[in-house]
Amino acid sequence: MKWQSSEMDKYLQSKEYVDTAIVPLIPISWQKEIKSTVAMGEFISIITQELERQFQGRVVLFPAFTYLETENAEERTLRLKRWSEEMKLGGMEHIVYATSDGFWKTVEDELGEWLIWLPSIPLEHLSSENRREVIGGQIKQLVPIMTNKWQNR
């Protein structure tokens with residue numbers, strides 16, 4: 001389910017089956033490496049949308065957690081933990097963060113949630129067919145990882 005009012009009716013009807021939040025972690029920078037930062041966000045947004053499609057009825061795709069590249073690391077980590085607390089209090093048993101930003105790997109242990117880190121693949125010059133293949137390949141690898149995590153928790 002997506003973060004849309006039309007989807008929330010479905011969520012409220014099947015709340016007991018929906019136990020996982022997917023949150024894209026997307027940096028913002030308008031000073032340096034603008035294009036690569038935007039490409040990183042675009043890639044992760046597409047991946048998380050496809051994960052939501054694959055696991056519809058089990059997950060909710062939340063809006064992206066955005067942060068400035070220049071934001072203090074401690075502040076952004078604390079803000080993300082607050083998001084996590086809010087989701088847990090609302091009944092989300094599992095939270096999956098997805099990012100291409102290597103920063104989050106350095107604080108992964110502090111988060112206490114699942115972190116999926118994928119290197120960003122620039123999609124802008126790929127044909128739509130090649131783009132689908134690349135995204136499909138990534139999703140094929142992520143589906144069993146997520147399924148195993150659910151089974152082992």
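1. R58 is partly exposed, with a relative accessible area of 26%. In this predicted model, the side chain of R58 forms a salt bridge with that of D19, with an N to O distance of 2.7 Å. D19 itself is buried, at a relative accessible area of 11%. The cut-off explains the two labels: buried means under 20% relative accessible area, and partly exposed lies between that value and the limit of over 50% that defines exposed.

2. The salt bridge between D19 and R58 connects distant parts of the chain, since the two residues are 39 residues apart. D19 belongs to the loop between α1 (5-13) and β1, while R58 belongs to the loop between α2 and β2.

3. Strand β1 covers residues 20-28 and has nine residues, eight of which are buried, so the strand is largely enclosed by the rest of the structure. Three pairings of this strand are described in the next points.

4. With strand β2 (residues 59-61), β1 pairs in the parallel sense over three bridges. Within this pairing, A21 stands opposite V60 of β2. Between the two strands the chain passes through helix α2 (residues 34-54), and the resulting β-α-β crossover is right-handed.

5. Strand β4 (residues 94-99) also runs parallel to β1, and five bridges join them. Here the bridge partner of I22 is V96, which lies in β4.

6. Strand β3 (residues 65-68) is joined to β1 by four bridges, and these strands run parallel too. L25 stands opposite F65 in β3.

7. Which residues have the most contacts inside the largest nonpolar core? They are V23, L25, M92, Y97 and W104, in a core of 20 residues. At least two residues of this core come from each of β1, β3, α3 (73-89), β4 and α4 (103-106). The largest share, three residues, is supplied by β1. As a general background, nonpolar side chains in soluble globular proteins tend to be buried together.

8. Nonpolar residues also appear at the surface. W30, I34 and V38 make a nonpolar surface patch of about 340 Å². V38 is found in helix α2. Is V38 buried or partly exposed? With a relative accessibility of 49%, V38 counts as partly exposed, because the exposed class requires over 50%.

9. The model contains eight salt bridges. One of them joins the side chains of K88 and E113, at 3.5 Å from N to O. This pair also links distant parts of the chain: K88 is in helix α3, E113 is in the loop between α5 (108-111) and β5 (114-117), and they are 25 residues apart. K88 counts as partly exposed at 33% relative accessibility, whereas E113 counts as buried at 11%.

10. A further salt bridge is formed by the side chains of K105 and E108, with an N to O distance of 2.8 Å. Both residues have values in the partly exposed range: K105 has a relative accessibility of 42%, and E108 has one of 23%.

11. In review, two features deserve the student's attention. Strand β1 has eight buried residues out of nine and supplies the largest share of the largest nonpolar core. The salt bridges D19 to R58 and K88 to E113 each have a buried acidic partner, namely D19 and E113.

Note on methods:
Residues are numbered from 1 along each chain as its sequence is written. This is a predicted model: local features need pLDDT of at least 70, side-chain atom pairs count only at pLDDT 80 or more; totals for chains, interfaces and linings use all residues. Side-chain values use heavy atoms; hydrogens and water are left out. Buried means under 20% relative accessible area, exposed over 50%, partly exposed in between (1.4 Å probe, protein chains only). Two strands pair if DSSP finds at least two bridges between them. A crossover is right-handed if, with the strands pointing away from the viewer, the path from the first strand over the helix to the second runs clockwise. Patches are made of residues with over 30% relative accessible area and no salt bridge: like charges are joined within 9 Å, nonpolar side chains (Val, Leu, Ile, Met, Phe, Trp, Tyr) within 5 Å. Accessible areas come from the Shrake-Rupley method with a 1.4 Å probe; for residues, only the protein chains shown count as cover. A salt bridge is a side-chain nitrogen of Lys or Arg within 4 Å of a carboxyl oxygen of Asp or Glu. A nonpolar core is a set of buried Ala, Val, Leu, Ile, Met, Phe, Trp, Tyr and Cys residues joined through side-chain atoms within 4.5 Å.
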